[in-house]
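Colleague: Hey, I'm new to this one. Could you put it up and walk me through it?

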Amino acid sequence: MARTLSGISRYLDVALEASVIGSFTRVGPAARRRLGHWKPPSPTPGRVVVITGASSGLGKQAAHDLADLGCTMVLVGRDNARLEEVATALRSKGSSVIVECADLSDLSQSADLCDRLSGQLDRIDVLIHNAGALLQTYQLGPQSREVTLSVHLLSPYILTSRLAPLMASDQPKVITMTSGGMYTEPFVLKRLEITPEKYRGSVAYARAKRAQVVLNQALARREPMGQRTFCAVHPGWAKTPGVSESLPTFDKLLGPLLRTPQEGVETLVWLSTLPEGEPESGLLWLDRQPRSPYHLPKTKVSDETQVAEGNELISWLDEVTAPFL
Ligand SMILES: NC(=O)c1ccc[n+]([C@@H]2O[C@H](COP(=O)([O-])OP(=O)(O)OC[C@H]3O[C@@H](n4cnc5c(N)ncnc54)[C@H](OP(=O)(O)O)[C@@H]3O)[C@@H](O)[C@H]2O)c1
């Protein structure tokens, strides 16, 4: 169960959060593990977990950790050989694993993936949108949509919508892996699609990650009571192939301060294994505590605006992904 910190523990946790570096590096989980008296996540035998981006970094680590807790893992990625490598390692430990290949920059592949999953699964207990990348150059997918947006937002929206019938009982969870990078950007729908001339990878990434959090809140508000629980989580800063490739200087500078992949996915794994209906829907998590979606005044909006932004985003997503829903 999600445990609320109180007294000095709460004060220290908030101070750590305000420091950003302390919070996002491996200092964060090291301190908070003690402050919150973390217990290991509970085994959840037979829970069916679909995770995207399972071929590398955080997704691969989460697949291992959840399989070790007894979950049946459905591994989604774009490279079959890399996925099979992860699947073989999990099967050698006795886990039940399904592999599904889809490039999430192609919306028709995301729709086909939903058809295949619907054909072979009778339920999904946890859907984890983890796939992601910070792309230094502007790239268009087959539907002429910018890839950062397709992978982080459009394809997850297709999966969340199309797989809803498989998530109809026992209050399953939809968990989105966002990023602390989103704290730097406000949500502005008309600035979500960046033109090639104005494209900067870190900005496109931060805006897409901000939009994931806005969507998480909006979907939680719209979901009828007793149905799916929505969570956004960010991993802090963890050493993964993605970080080494896209942010080599950051990787070198922070080096030993970066979280291990296991520290990066600890809260994702813990959220995935909470009982049905937990935690409260629509929140953003880091290190087992809900966090404010705002660090900077320029990004903060009122509750009313937040609701309006969420509605605006869903209307736009419905329009853009309509052929694939
Ligand atoms: N590491 C961090 O410090 C950090 C911080 C904040 C947020 N995150 C988020 O955590 C998630 C995992 O990142 P990571 O650090 O583990 O990076 P990573 O090692 O590069 O893993 C990213 C995963 O996403 C997959 N992927 C990327 N583009 C895809 C596409 N078009 N279709 C299907 N799959 C695709 C990759 O597949 P391939 O193996 O084929 O490349 C890989 O499995 C991302 O959403 C990232 O934004 C990470």
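Modeller: Sure, let's go through some helices, the ligand, the core and a few single residues.

Colleague: What kind of model is this, and how are residues numbered?
Modeller: This is a predicted model, where local features need pLDDT of at least 70, side-chain atom pairs count only at pLDDT 80 or more, and totals for chains, interfaces and linings use all residues. Residues are numbered from 1 along each chain as its sequence is written.

Colleague: Let's start with α6. How many residues does α6 have?
Modeller: α6 has 14 residues, 107–120, and spans 20 Å from its first C-alpha to its last, close to the 20 Å expected. The expected span is 1.5 Å times one less than the number of residues in the helix. Helices here are DSSP runs of H or I with at least four residues, strands are E runs with at least two, and both are numbered from the N terminus.

Colleague: Which residues of α6 are buried?
Modeller: Leu-107, Ser-110, Leu-113, Cys-114 and Leu-117. Looking down the axis of α6, those buried residues fall within an arc of 105°, so they line one face of the helix. The arc is taken from the directions running from the helix axis to the C-beta atoms. "Buried" is for a residue with 20 or more other C-beta atoms within 10 Å of its own, "exposed" is for 12 or fewer, and "partly exposed" is in between, with C-beta atoms placed from the backbone.

Colleague: Which residues are exposed on the other side of α6?
Modeller: Asp-115, Gly-119 and Gln-120.

Colleague: And what do the buried residues of α6 pack against?
Modeller: Three strands and two helices: β1 (48–52), β2 (72–77), β3 (97–101), α7 (147–162) and α12 (303–321). Contact means that the C-beta atoms of two residues, placed from the backbone, lie within 7 Å.

Colleague: On to the ligand. Which residues come nearest to the ligand?
Modeller: Gly-53, Gly-57, Gly-132, Ser-179 and Gly-242, out of 29 residues around the ligand. The elements giving two or more residues to that shell are α4 (57–68) and α9 (241–246). A residue is near the ligand if its C-beta atom, placed from the backbone, lies within 6 Å of it.

Colleague: How do the residues of that shell divide into nonpolar, polar and charged?
Modeller: There are 11 nonpolar, 14 polar and 4 charged. Ala, Val, Leu, Ile, Met, Phe, Trp, Tyr, Cys and Pro count as nonpolar, Asp, Glu, Lys and Arg as charged, and the others, Gly among them, as polar.

Colleague: You mentioned α4. How many of the residues of α4 are buried?
Modeller: 11 of its 12 residues, so α4 is mostly covered. Among the buried ones are Gly-57, Lys-60, His-64 and Asp-65. α4 reaches 17 Å from its first C-alpha to its last, close to the 16 Å expected. Just after α4, Gly-70 has a positive phi of about 100°.

Colleague: What about the largest nonpolar core, which members touch the most others?
Modeller: Val-49, Ile-51, Ala-63, Met-73 and Leu-75, out of 78 residues in that core. Helix α8 (201–222) gives the most to this core, with 10 residues. A nonpolar core is a set of buried Ala, Val, Leu, Ile, Met, Phe, Trp, Tyr and Cys residues joined through C-beta atoms within 7 Å.

Colleague: What does Ile-51 touch?
Modeller: Leaving out residues up to four places away in sequence, Ile-51 touches Gly-59, Ala-62, Ala-63, Met-73, Leu-75, Val-76, Ile-128 and Asn-130.

Colleague: Back to α8 for a second. How many of its residues are buried?
Modeller: In α8, 16 of 22 residues are buried. α8 reaches 31 Å from its first C-alpha to its last, close to the 32 Å expected.

Colleague: Now some single residues. Is Val-265 buried or exposed?
Modeller: Val-265 counts as buried because it has 28 C-beta neighbours inside 10 Å. Val-265 belongs to helix α11 (261–273). Beyond its neighbours within four places in sequence, Val-265 is in contact with Leu-58, Gln-61, Ala-62, Asp-65 and Pro-235.

Colleague: And Leu-296, buried or exposed?
Modeller: Leu-296 is exposed, with 10 other C-beta atoms within 10 Å. Leu-296 sits in the loop between β8 and α12, and, neighbours within four places in sequence aside, is in contact with Tyr-183 and Thr-184.

Colleague: Which peptide bond is cis?
Modeller: The one from Glu-278 to Pro-279, with omega near -10°. Pro-279 is in the loop between α11 and β7 (283–286).
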